[in-house]
Amino acid sequence: MTNEKLKRTLRSFADNGINLVLVSMLTGIFAGVVVTFYNILMSLGEETSISLYTLVRDNPAFVPLLFAGLAAGSLVIGTVAKLVPMVRGSGIPQIEGAARGKVRFNWYITMCSMFAASLACVFMGYPAGAEGPSLEIGGCAGSAVGTILKRNQMVKRLQIASGASSGLAVAFNAPVTGLVFAMEEAFRSFSPQVFICAAISVVSALFTRNALRFAVLGGDKVGFTFVNFDFEFAFDGAGGIFCLWVVLAAVIVSLLGVGFYYAVFATKKLFKKITFFKGVGKFIIPFVFAGAAGLVTVYSIGGGHDFIQSLASGGTGEIEIERIFGIGVAVSLLIVVIIRMITGVLSMGCGVPCGVFIPMLAIGAGAGALLSILFQKAGMDGVYSDYLVIICMASFFTCVVKAPITGIVMVFELTGQFRNFLPALIGIVIGYLIGMLFKTEAIYEKSLEQYIDDRKIKLNFVKERVRLLIHEHTKADGTPVRAVVWPTNGLVVELIHEDGSQTVPDGETVLHAGQEIVFECETDSRDELLEYLYELVGRPGK
């Protein structure tokens, strides 16, 4: 190798490797700081709201004051959601769109708005999770790093996805779940660049999280690991029978997920017709309902961490939760599941800026606990109760979100158990198949499409066709087509070889310097498209 080629190789490694690693580390640190403090405040908010609702239950005279406060607060939060559309709902669909280059946003306004609005929801006792907002806040952190350091659109997209995965990993204290979710759901790409950037950001974010929690909470390890559950059982002949119970439970819970999916989008249509207070008045409905539910049971408040933990039987099969009005455990569980189903549908249908990731898991887990009680009466061994709860949780999630790899990883990472793989896999596969059978789409993907249509983002898009030469030591040189992070809405439609022959590449086709690509894409800026592609294949005359 000549000195000139060696210099070009080292320069390319610095530009494409070291530079990207350092930027991803900064994204992880920034996301780790903001999301950690956000989650600490969210935990404080849940404790405060539980104390508030307990006080109101003990002093019924305060009930009118509670609902007046909820109505006023809902109007404020609705106004924020109207002025900053990026925070509507959990924020996950919008940040996924930004990671794919479909949505543009101001990172500072979006981060501050989601931070404040979702935190206010929790302090008001709304059943809001921290994971969705954590993911969006992390994505904003990635956008901030890319913008401040004046990186190109490709690097910004990578950092948004990396920051989003870091935010989810910090909220769950589950690095692999955050990493897989970024590739499977947020970016929908398993390319090496996405993996490396997301992995580095996740590691940096979790180191930052642990250091801050040690400094702020005195070493208190707060995570979302299911410490109360017992998954130790021998997968023998009896374990094989348990798989039959898993099949039945997964089918039932997945059908519940299908109902949840269609209810969300039916409710969205209904809420669009409400024009009270210029459309902001519709936010009163979910908050008033959540307030009434909070007076019925403490398990309807907050994201659902405590509710899921309360479903653990420790391997005994005896689920003990706080009973509602002194009624039986099974009926109490049924009431909680129904309440959380309704609040989840209202949240996503109305666009309340709060997380629905954990509330969805709580619905699946609650349904699994209810089925466990019923199945034990029909002959299922109670030792499997805890595992059935977690499998149902993952089945519901997979049916609604359509992210099966994230589902299976989440089960093992949050439980810390890898021994009994088959039952969990069966439940998740059934959840995915039931969703396909009833023609449901991934709920975040469908929500993103509706967001783009509502905001009329595609109106300025036109189809562009460009022909570019691949240069040595660029990101595209020596890389399969599927592994290159191409501009969104685009496709390599033709490959022109050095001898002039032309072929239509597929995902496995390896690109080489000296070849030319013909790229087609829908975009609102041809110049921006070219700048993006130059970062992949090299600039003309290089």
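Which residue lies over the face of tyrosine 432? In this predicted model, the residue in that place is lysine 402, at 5.7 Å from the ring centre of tyrosine 432.

**Aromatic pairs**

A pair of aromatic rings is described by the distance of the centres and the angle of the planes. The count for this structure comes to 15 aromatic pairs, and two of them are set out in the table below.

| Pair | Centre to centre | Angle between planes | Arrangement |
|---|---|---|---|
| Phenylalanine 30 and tryptophan 107 | 6.3 Å | 80° | edge-to-face |
| Phenylalanine 172 and phenylalanine 357 | 5.4 Å | 70° | edge-to-face |

Why is the pair of phenylalanine 30 and tryptophan 107 called edge-to-face? The reason lies in the angle, because planes over 60 degrees apart count as edge-to-face, and the planes of these two rings stand at 80°. This pair links distant parts of the chain, since phenylalanine 30 belongs to helix 1 (residues 3–58) and tryptophan 107 to helix 4 (residues 107–123), with their positions 77 residues apart in the sequence. Phenylalanine 30 is partly exposed, its relative accessible area being 26%, and together with Trp107 and Tyr108 the residue Phe30 forms one aromatic cluster.

The pair of phenylalanine 172 and phenylalanine 357 ties together parts that are 185 residues apart in sequence, because phenylalanine 172 lies in helix 6 (residues 153–172) while phenylalanine 357 lies in helix 13 (residues 357–377). Phenylalanine 172 has a relative accessibility of 0% and therefore counts as buried, and phenylalanine 357, also at 0%, counts as buried as well.

**Nonpolar cores**

In soluble globular proteins, nonpolar side chains tend to be buried together. The largest nonpolar core of this model has 127 residues, and those with the most contacts inside it are Phe260, Leu311, Ile443 and Tyr444. Helix 13 gives the most to this core, contributing 13 residues.

Which residues does tyrosine 444 touch, if those up to four places away in sequence are not counted? Among them are Ser90, Ile92, Pro93, Phe181, Met348, Met360 and Val401, and the list also includes Phe357, the residue of helix 13 that pairs with phenylalanine 172. A second, separate core has 32 residues, including Val155, Leu179, Trp486 and Phe519.

**A residue of helix 1**

Leucine 55 lies in helix 1, the helix that also holds phenylalanine 30. With a relative accessibility of 42%, leucine 55 counts as partly exposed. Leucine 55 and valine 264 are 209 residues apart in sequence, and in space they are 32 Å apart, C-alpha to C-alpha.

Conventions. Residues numbered from 1 in each chain as written. Heavy atoms only, no water. Phe/Tyr/Trp six-rings, centres within 6.5 Å; stacked < 30°, edge-to-face > 60°. Helix = DSSP H or I, 4+ residues; strand = E, 2+ residues; numbered from the N terminus. Buried < 20%, exposed > 50% of the residue type's maximum accessible area, 1.4 Å probe, protein only. Lys NZ or Arg CZ within 6 Å of the ring centre and 35° of its normal. Core = buried A, V, L, I, M, F, W, Y, C linked by side-chain atoms within 4.5 Å. Contact = heavy atoms within 4.5 Å.
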